[in-house]
Amino acid sequence: MIEELEQILLQLTQPDNAIIQQATVQLKQAFKDPAIIPALCAVMSGSQNPEIRQSAAVMLRLRVKKHWNKISPNDRESLKAVVLQAFSLEAEHKVQHSLSQLCAMMVKHETPDRWPALLQLLNQSTKSANPHDRRVGLLLLNKVIESNPEPFKPHYCQLLHLFSTVLQDYSNPSALYYCILTLTAITAYTGTEEMVSKFSSPFGLSWLNGTIEAMEVLIELMEIEVSIIVPHIADIVRFCLEVGSDTTLSDSLRVKALSCITFLIKLKSNSVLKLKLLNPILQSIFPILTAAPPPGEQDPEDEEDDGGDPNDSDNPKHGAAQMIDTMALHMPPDKLFHQLVPLTQACLSSENPYQKKGGLMCLAVLAEGCADYIRSKMLSSVLQTVCQSLSDSNRVVRSAALFALGQFSEYLQPEVSKYCAELMPLLLGYLTSLNEAKIGHVTKAFYALENFMENLGSDIEPYLPTLMETMLSALRNAEDLKIKELAVSAIGAIANAAKELLVPYFPPVIESLKGFLIATTEEMRPLQNQSLDTLSVLARMIGKEVFSPLAAECIQLGLNLTDTIDDPDLRRCTYGLYSAVSTVSPESLIPHLTAITTVMQLALKSNEGITAHLDEDKTFVLLDDDDDDDNGNNKRIAVILLCLMCCRFSVENAYIDEKEDACEALGEIALSTGVAFQPFLESSFQQVFEMRDFPHEDVRRAALGALGQFCQAQHKVWTENRTETNHQALMKLMDVVLPCFVETVRMDRERPVVMGVLEAMNAMIKSCKEEVFRNPSHLKEISNVIRDVLKKKTACQDSSTDEVDDEEQQAEFDAMLQEFAGEGIPLVTASVPAEKFAPYLNDLMPLIMSKAKSSCTVADRSFSLGTIGEILHALVNVSGGRGVAGRLSNRLLPVLVAGVKDSDAEVRNNSVFGLGCLAQAAGPLVVSDYPMMLSVFSNMLGKESDLRVIDNLCAALCRMIMSNVDAVPLEQVVTALATHLPLKEDQEENQTVFNCLTMLYKHNPVLVVKLIKPIVAASSHVVGHKDVDKETQSTVVSLMKELAHKHGAEFQAAAASLPAEQQAKLGAAVTSS
């Protein structure tokens, strides 16, 4: 059997799938022979081929893992002896590694005290004078302790003493490496002080020894027990900067050193600032960011092919930019820009093109994390810099300027769109003068143009003919498929802005897209993918009437493509198309739901695209397919996790993107198709639910968002058919999803995931309202998790209060996370009886009010006062709301009154809204405060220049009148109100204004008739206005009909003073039945 077994194991190492599959079948048969363990031991000890010895060790480990209890005591003792002997004699490192893993698996079953020979071998080898023996001994020690740390606890003191010695031996890097790995493994089982003492200053950084692996251990140490490295942050930063700046070292090592600092900033930005490390870091990385490439070469992103790989992982320049990006996301903007601006200005004023490029790259990567700061303090100046750079004589500078403009256009909205008149001609001129051969440069130009265009809205109209002529010409005439792909993408961006304005161009666009989508050649694939994406945008934006006739044909195009082409990117794009079509023509999608949900669920189940380049024996784990494995879903996740946690792996982005888009599409399709999706809801839910712990954060975020949409979809079904079965299904879904949301918010380390979950939870509460809280525990869970986010107590927030000098100084993204949580408070308020929520609201309100202080940022003040206003607005319509609002009034009035004096218009606006809602919610309980409030509003109306604030002042006065009409001097107040109509900016408040005027007409018709001219004029602006809802328009028309009927002469006189178009519009509305 030994020779036969050796032959089977040899076949498993061949680079031929057919041979490997045949050998796997033979191996499974051999495993049924009781003599398999002695045979494997013989091969492991005696084969001349190291790969076969390694394979035998792996197979033994799998046998031990699954069937230790079935191995006889004699065979166990024999195996223990053989393994240690083989390990002692083995010379090949990869075989030693597999043998150490076999020992580690045995230690899981056979504790160290029952295996004295193992302890003896470890003791001898780790203390040996021979460096090789020490390295091998520490490898074995690392593996056995990693597998089962707790039984070694009695030996920890002895081990820590050993590690202290090893860490001082810089001549044996591998021993240092295994020592650090072992320290990492026992961190959770020892006191932090004990561990810190082993890293006592001066911190022995030489153990890093310039190896990528050791840098990875450092990152792992930070992630698992960051308190260990906190006392040594300054030393770590200085060392990593030294490595990262050393141009004689490999790029991959330099990038890994920079990524150590980046990761440290992500985890402990407050410590980095407190230790005054920001300036030294910036001083070191700016030379990297601005370095010129070697003579005759270019930076990857400046090469002429496809613009380079933007995610080039072995590029120190990108590593430096990524670090600044992380600073922007995790540090207070004031503190960051204080150090950064002088360095950036020096670069931008330099004549060296790579200095300029570095300055522009720095500005570009700051845009996401410091958007509010740039918008409010320096937008004009940075845009001027970028515009000048777009005309620079050097293409490297122009390319960087295009990238920066694209970033600004993506993250600095809506303010950046106000510069449309300056930027659009520049971009259009830039496009027409580009040489098509320079594809990398063209790509950046389109990137900037797309990001800028898609946020313009109707302001794009003057440029639409030129834009569409350029794009349609490219679709028809460009020889390079990449140019066509970019043009198709740009049409999607144009559609986002233009919406129905694009209708005249729709036929030729659709004709071109259809032509691309029926092609079958491989070279057309990227263009087809982009065509599907743009078709999805058109479905959502062009208007239901225009797109619906094409809906069924588009779905069939997608199905035909995925039937004939096996490509994850193509499938992903069809998911987006199906999802978009479901929002405008769900009836077209319903007949195909079986086929569509099947392919999406298969994408979620699939392990395709996950390639494990697993070190040594790890490959064989995937061959182990015994019957007593866990269920299939758990196994899939386990395989993926295994791949992600091993030393080297790759996951094709296309398959990750496909899973993400499948989750998003299933959620939206379920919501759009309602009851028709019911047969597919349970199976879709199960597959998406399995993705909630997926290693990639984008997939987790998408899956969790879809779970919320499944709940909304079931609520919609129950609302339309209120059976007990439908209600129980809704309750069951919520009882699974909400605890999952709460746990994710608390435990997930990635802020985007947590923000996504908070957004999904808010959408669910807004849609399902009181049904969310039928389970009494949900109110407490949701309220407490909102509180935890506001108090920075979740895993993705750096909550180490001992390091925060000024609690009001925080990164914009940290503030944004808290805003997502805060937005849930008014939604909960509107969904449960006020007295039931009051205890939680009392805990939450001080956390919201604390952000209204004048020392807080504008964004924080606006959020605080806006949230207070929305809470009060919600209390107006809930049971017991008046009493709760009255009890809150003493605390809230001073905060809101202070807010109306703020220098920022949005803060004033939110404060005015809040005061009006307080009057409306508390009613007679605040009537004694009316004189003060009216005085405040009167003063504001006299000097306020912001149109939205004036609109909200009008609405606030109306709320006061409707709440306590007798407490308001109507003649004076309504006259002032009428002079500021119609509303100019906040059209939603027309509902409040005209509800008030309708009430006033019933209460005091003489006053309304006296002011009929401005009221009729205001009404003529509202009737037919696209931004005013039908209910409000109906209220306006009813009031106008009443005035026309009972006060005809006055009404006709008022109407006669209007422009002809408004007269006609109002006349038609009044005479309609």
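**Exercise 1.** In which loop does Pro414 lie?

*Solution.* Pro414 is found in the loop between H21 and H22, where helices are DSSP runs of H or I with at least four residues, numbered from the N terminus. The peptide bond that joins Gln413 and Pro414 is cis, with omega about 0°. As background, most peptide bonds are trans. The model is a predicted one, in which local features need pLDDT of at least 70 and side-chain atom pairs count only at pLDDT 80 or more, while totals for chains, interfaces and linings use all residues. Residues are numbered from 1 along each chain as its sequence is written, and side-chain values use heavy atoms, with hydrogens and water left out.

**Exercise 2.** Describe helix H21, its span, its surroundings and its start.

*Solution.* Begin with the span: H21 covers residues 395-411, which is 17 residues, and reaches 24 Å from its first C-alpha to its last. This is close to the 24 Å expected at 1.5 Å a residue, the expected span being 1.5 Å times one less than the number of residues. Next, consider the surroundings: 14 of the 17 residues of H21 are buried, so the helix is largely enclosed by the rest of the structure. Here buried means under 20% relative accessible area, exposed over 50%, and partly exposed in between, with a 1.4 Å probe and protein chains only. Finally, at the start of H21, a side-chain oxygen of Asn394 comes to within 2.8 Å of the backbone nitrogen of Val396.

**Exercise 3.** Compare the settings of Lys276 and Lys499, beginning with phi.

*Solution.* Neither residue is a glycine, yet Lys276 has a positive phi of about 60° and Lys499 has a positive phi of about 50°. As background, most residues other than glycine have a negative phi. Turning to location, Lys276 lies in the loop between helix H14 (251-274) and helix H15 (278-289), whereas Lys499 is in the loop between helix H25 (481-498) and helix H26 (506-517). As for accessibility, Lys276 counts as exposed at 67% relative accessibility, while Lys499 is partly exposed, with a relative accessible area of 35%.

**Exercise 4.** Is Glu110 buried or exposed?

*Solution.* First locate Glu110, which lies in the loop between helix H6 (93-109) and helix H7 (116-126). At 5% relative accessibility, Glu110 counts as buried.

**Exercise 5.** Where is Pro465 placed, and how far is its C-alpha atom from that of Tyr505?

*Solution.* Pro465 belongs to helix H24 (residues 464-477). The C-alpha atoms of Pro465 and Tyr505 are separated by 9.2 Å, although the two are 40 residues apart along the chain.

Methods:
Helix = DSSP H or I, 4+ residues; strand = E, 2+ residues; numbered from the N terminus. Polar contact = N/O pair within 3.5 Å; in protein donor to acceptor, adjacent residues only side chain to side chain.
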